[in-house]
Amino acid sequence: MGFVLLVFLAWLVLLLFTSMNKKLTFIENTFVYLSAMVIHINYTWIVYEELNMADISQQILDNSGFLIHRSITLPITLAITLNLVRTAPSLGSKLIKVAVSVAFLVSAVMIARYFGIVDYKKWNIGYEIIYLFLLHLVVQFLLNYFGQLKTRGVNEA
C-alpha cells in the first residue's frame with residue numbers, strides 16, 4: 001500500500017508540473033531538478049548508509065517506492081515550488097509556499113514511515129523538516145548563482 005501511495009504522489013506531482021504555467025526556463029527547471037536530486041541522493045546515502053540513522057526496507061516494492069520518492073517526487077516538488085516562489089509578490093507568500101512544499105514532502109515521508117518503507121533509528125521528523133527547509137534554501141541559492149553565471153556569460157560574449 002505504501003508503494004501505491006508513493007507512486008500516486010509521484011504521478012500527482014508530475015501531473016501538476018506538466019500542467020502548470022512555469023516561470024523558470026527549461027534549463028533552469030532542469031538545473032533545479034538535477035541539483036535537488038543530487039543533493040538528496042547524497043543526503044540519503046550519508047544518513048541511511050554511512051551513519052545508519054535510518055533503515056530502508058529491503059522489500060522490492062517498498063524499496064522502489066523509496067527510490068521513486070527520492071528521484072521523482074522530491075526534485076519535481078522543489079521545481080514546482082521554485083516556479084511558484086518566482087511569482088510570489090512578498091516574502092511571506094514565498095515562505096508559505098515553501099512551508100506547504102515541506103509539509104507535502106513530510107507527508108510523503110510519514111507515509112513511508114507508516115508503511116515500514118523507512119524506519120528511523122537515530123533520526124526524527126524534526127530533522128527531516130529542517131533538512132527540507134535547508135534543501136529549499138540551498139537549491140534557491142544555487143538557482144540564483146546559476147542565473148548570475150548565465151548573465152555574466154552573456155555579458156562577456
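**Exercise 1. State the order of helices and strands along the chain.**

Solution. Start with the assignment: helices (H or I, at least four residues) and strands (E, at least two) are DSSP runs, numbered from the N terminus. Count next: the chain has 5 helices and 2 strands. Then read along the sequence, which gives α-α-β-α-α-β-α.

This is a predicted model, where local features need pLDDT of at least 70, side-chain atom pairs count only at pLDDT 80 or more, and totals for chains, interfaces and linings use all residues. Residues are numbered from 1 along each chain as its sequence is written, and side-chain values use heavy atoms, with hydrogens and water left out.

**Exercise 2. Compare the radius of gyration of the chain with that of a compact globule.**

Solution. Take the radius over C-alpha atoms; the globule rule is 2.2 Å times the number of residues to the power 0.38. For 157 residues, the rule puts a compact globule near 15 Å. The chain has 16 Å, which agrees. Add the box: along the principal axes, the C-alpha atoms fill roughly 50 × 30 × 30 Å.

**Exercise 3. Place S35 and decide: buried or exposed?**

Solution. Locate S35 first: helix α2, residues 26-50, holds it. Apply the cut-offs: buried is under 20% relative accessible area, exposed over 50%, partly exposed in between (1.4 Å probe, protein chains only). S35 has 11%, so S35 is buried. Across the chain, 41% of the 157 residues count as buried.

Now find the partners of S35. Contact means heavy atoms within 4.5 Å. With neighbours within four places in sequence set aside, S35 touches V139 and L142.
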